[in-house]
Amino acid sequence: MQRHGILNSHIAKILADLGHTDTICISDCGLPVPEGVQKIDLALEFGVPGFEQVVSIIAKHMKTEAIHIAREMEQQNADAHQFLTSTFPPNQFEWIETSHDAFKEATKQCKCIIRTGEVSPYANIILRADCIFSDRP
């Protein structure tokens, strides 16, 4: 039994199994999950747990080189966009911004989608794993 880190066994296993360039998605409660992609459902009720809370915890435990978001987020959910800018500074991480439809298409390649209880629009992110021994923070 772990004493620290991610206690959810499904998330801990996904993170342990990631290789360089593998992707995972953290989503609001409305994002569709493509057939064949594992869903790890954390949603308990609207807003619980929130997008920012889950992203913050995953970011502490996952070596990330790039993020992918829908470009609509900046206009439709400025708070989430600002949170991601501070969590994944664009001068330290590659930022990929596409249409929401292209984002949903990209989720088909993810190892899993971690579904939160978030109910604000476009609160979705794909994280691309970095090489564990890279110099990136």
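This passage describes the fold, the nonpolar cores and selected residues of a predicted protein model.

The secondary structure of the predicted model consists of 5 helices and 6 strands. Along the sequence these elements are arranged in the order α-β-β-α-β-α-α-β-α-β-β. The protein is as compact as a globular protein of its length, because its radius of gyration, 14 Å, is close to the 14 Å that the globule rule gives for 137 residues. Taken along the principal axes, the box filled by the C-alpha atoms is roughly 40 × 35 × 25 Å. Among contacts with a separation of 6 or more, 87% join residues that lie 24 or more positions apart.

Of the 137 residues, 44% are buried. The accessible surface amounts to about 7600 Å², and carbon and sulfur atoms account for 50% of that area. With regard to charge, 12 side chains are positive and 18 are negative, and the centres of these two sets are separated by 6 Å.

In soluble globular proteins, nonpolar side chains tend to be buried together. In the present model, the largest nonpolar core comprises 28 residues, and the members with the most contacts inside it are I24, I58, L84 and I125. At least two residues of this core are supplied by each of helix 1 (9–17), strand 1 (23–27), helix 2 (51–61), strand 3 (64–70), helix 4 (78–87), strand 5 (112–115) and strand 6 (125–129). Helix 2 provides the largest share, with 4 residues. Another core, of 8 residues, lies apart from the largest one and includes V37, F103, C110 and I126.

L84, one of the residues with the most contacts inside the largest core, is located in helix 4. Its relative accessibility is 0%, and L84 therefore counts as buried. Beyond the neighbours up to four places away in sequence, L84 is in contact with F51, V55, I69, M73, P89, W95 and I125. The C-alpha atoms of L84 and R128 are 14 Å apart, with the two positions 44 residues apart in sequence numbering.

Helix 4 also contains H81. H81 has a relative accessible area of 10% and is therefore buried, since the cut-off lies at 20%. When residues up to four places away are set aside, the contacts of H81 are with I69, M73, E74, W95 and E97. I69, M73 and W95 appear in the contact list of H81 and likewise in that of L84.

Several features of the backbone occur in loops. The peptide bond leading from V48 to P49 is cis, with omega near -15 degrees. P49 lies in the loop that connects strand 2 (38–41) and helix 2. A positive phi, near 80 degrees, is found at T21, a residue other than glycine. T21 belongs to the loop between helix 1 and strand 1, and its relative accessible area of 46% makes it partly exposed. Y122, which is not a glycine, likewise has a positive phi, of about 60 degrees. The position of Y122 is in the loop between strand 5 and strand 6, and with 24% relative accessibility this residue counts as partly exposed.

The loop that carries Y122 is also linked by contact to helix 3. Q76 is part of helix 3 (residues 72–76), and, leaving aside neighbours within four places in sequence, Q76 is in contact with P121 and Y122. Between Q76 and F51, which are 25 residues apart in sequence, the C-alpha distance is 15 Å.

The loop between helix 1 and strand 1 holds D22 as well as T21. D22 touches D17, K111, L127, R128 and A129, with residues up to four places away not counted. The sequence separation of D22 and A129 is 107 residues, yet their C-alpha atoms are 5.4 Å apart. Strand 6 (125–129) thus takes in three of the positions touched by D22, namely L127, R128 and A129.

Terms used:
Residues numbered from 1 in each chain as written. Predicted model: local features only at pLDDT ≥ 70, side-chain atom pairs only at ≥ 80, totals over all residues. Heavy atoms only, no water. Rg over C-alpha atoms; globule rule 2.2 N^0.38 Å. Buried < 20%, exposed > 50% of the residue type's maximum accessible area, 1.4 Å probe, protein only. Contact = heavy atoms within 4.5 Å. Areas by Shrake-Rupley, 256 points an atom, 1.4 Å probe, with all protein chains shown as cover. Lys, Arg positive; Asp, Glu negative; His and termini not counted. Charge placed at Lys NZ, Arg CZ, Asp CG, Glu CD. Core = buried A, V, L, I, M, F, W, Y, C linked by side-chain atoms within 4.5 Å.
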